[in-house]
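Here is a short set of exercises to work through with the model open beside you. Try each task before you read its solution.

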Amino acid sequence: MSLSFRIEQVAEIDSTNEACRLRALAGEPAGLVIRADRQTAGRGRRGRSWTSPRGNLYTSILLRPERPVPEVAALGFAAVMAVGDVAEALLPPGTRVQHKWPNDLLIDGSKASGILLEAQPGFVVLGIGVNIASHPADTPYPAIDLVAAGAAPIAPQALLERLLAALAPLYDSWDRAGFASLLPAWHRRAAGLGETIEVRLERETLTGIFRDLAPDGTLRLGLSDGTERRIAAGD
């Protein structure tokens, strides 16, 4: 069944993800989209804060998928694929747009967006942040925004509308056939696939060959001793 969206815009909010979560608990149907001009308590993966100055996109989408709970994490891949489709259309030809596992978008090697997927029984909140007009300077990794990468200025609302149009068919494909239906398109922009990579976990750092993704979206890392480690979350 095709997903339709209802956008609600607010000038300022603590967190669009938290607002969506509370609405979900109150019984809000799937398809609610909350966009804020500014967040005062935005958050990223693994409890990190997400800087939220005006001019960038901060949005969260309420979903109520019927697929098994272990498959829900794949929605983060669908989201970054949609962001990549939109960014590639806005940026100058030849700009390198890639997905960095699990769900960061890279533009010429620098991070331009972040995805935060939060699931509870009966619903999923898909948070998406995209650097449009500015990006943080004090990050442990290079960051960039669309305008700095060569895109023409675009309003957050206009970018959101493009993003939802790109996400809808990806969500429908996942809903019908699971993550396997998205994997070929994800491969097209995958950063580091087949190369030696470093994965930082909470208590250890691993180095190995990025072999591929497993059907559930976990990273298959080939270690030097010939074994394979499957990783569900890391940097």
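A residue counts as buried when its relative accessible area is under 20%, as exposed when it is over 50%, and as partly exposed in between (1.4 Å probe, protein chains only). The structure is a predicted model, in which local features need pLDDT of at least 70 and side-chain atom pairs count only at pLDDT 80 or more, while totals for chains, interfaces and linings use all residues. Residues are numbered from 1 along each chain as its sequence is written, and side-chain values use heavy atoms, with hydrogens and water left out.

**Exercise 1. The overall fold**

Task: describe the secondary structure and the overall dimensions of the protein.

Solution. Begin with the elements: helices (H or I, at least four residues) and strands (E, at least two) are DSSP runs, numbered from the N terminus. By that count the protein has 4 helices and 11 strands. Next, compare its radius of gyration with the globule rule: the protein comes out at 17 Å, close to the 18 Å given by the rule for 235 residues, so it is as compact as a globular protein of that length. The radius is taken over C-alpha atoms, and the rule is 2.2 Å times the number of residues to the power 0.38. Finally, look along the principal axes, where the C-alpha atoms fill a box of roughly 55 × 40 × 35 Å.

**Exercise 2. Burial, contacts and charge**

Task: what share of the residues is buried, and how are the charged side chains placed?

Solution. First, 51% of the 235 residues count as buried. Second, turn to contacts, meaning heavy atoms within 4.5 Å. Among those between residues at least 6 apart in sequence, 63% join residues at least 24 apart. Third, the protein exposes about 10,900 Å², with carbon and sulfur atoms supplying 53% of that area. Last, there are 25 positive and 27 negative side chains, and the centres of the two sets lie 1 Å apart. Here Lys and Arg count as positive and Asp and Glu as negative, without His and the chain ends; each charge is placed at NZ of Lys, CZ of Arg, CG of Asp or CD of Glu.

**Exercise 3. Helix 2 and its approach**

Task: check the length of helix 2, then decide whether it is enclosed or open to the surroundings.

Solution. The expected span is 1.5 Å times one less than the number of residues. For the 16 residues of helix 2 (residues 75-90) this gives 22 Å, and the end C-alpha atoms are 23 Å apart, which agrees. Now burial: 13 of the 16 residues are buried, so helix 2 is largely enclosed by the rest of the structure.

Step back to A74, in the loop between strand 3 (57-63) and helix 2. A74 is buried, at 1% relative accessibility. Beyond its neighbours within four places in sequence, A74 contacts W174 and F179. A74 and D216 are 142 residues apart in sequence, yet their C-alpha atoms are 6.8 Å apart.

**Exercise 4. From strand 4 to strand 6**

Task: follow the chain from H99 to Q120, noting burial and backbone features along the way.

Solution. H99 sits in strand 4 (residues 97-100) and is buried, with a relative accessible area of 0%. Its contacts, leaving aside neighbours within four places in sequence, include V80, M81, W186 and R189.

Moving on, a cis peptide bond joins W101 and P102, with omega about 0°. P102 belongs to the loop between strand 4 and strand 5 (104-107). In the loop between strand 5 and strand 6 (110-120) you reach D108, which has a positive phi of about 50° although it is not a glycine. D108 is partly exposed, at 44% relative accessibility.

Q120 lies in strand 6 and is partly exposed too, at 31%. Not counting residues up to four places away in sequence, Q120 touches R21 and L25.

**Exercise 5. A charged residue in strand 2**

Task: is R35 buried or exposed, and which residues does R35 touch?

Solution. Locate R35 in strand 2 (residues 32-39). With a relative accessible area of 7%, R35 is buried. Setting aside residues up to four places away in sequence, R35 touches E8, Q9, V10, L57, Y58, T59, P156, Q157 and L160. To finish, R35 and I13 are 22 residues apart in sequence and 9.2 Å apart in space, C-alpha to C-alpha.

Methods. Areas by Shrake-Rupley, 256 points an atom, 1.4 Å probe, with all protein chains shown as cover.
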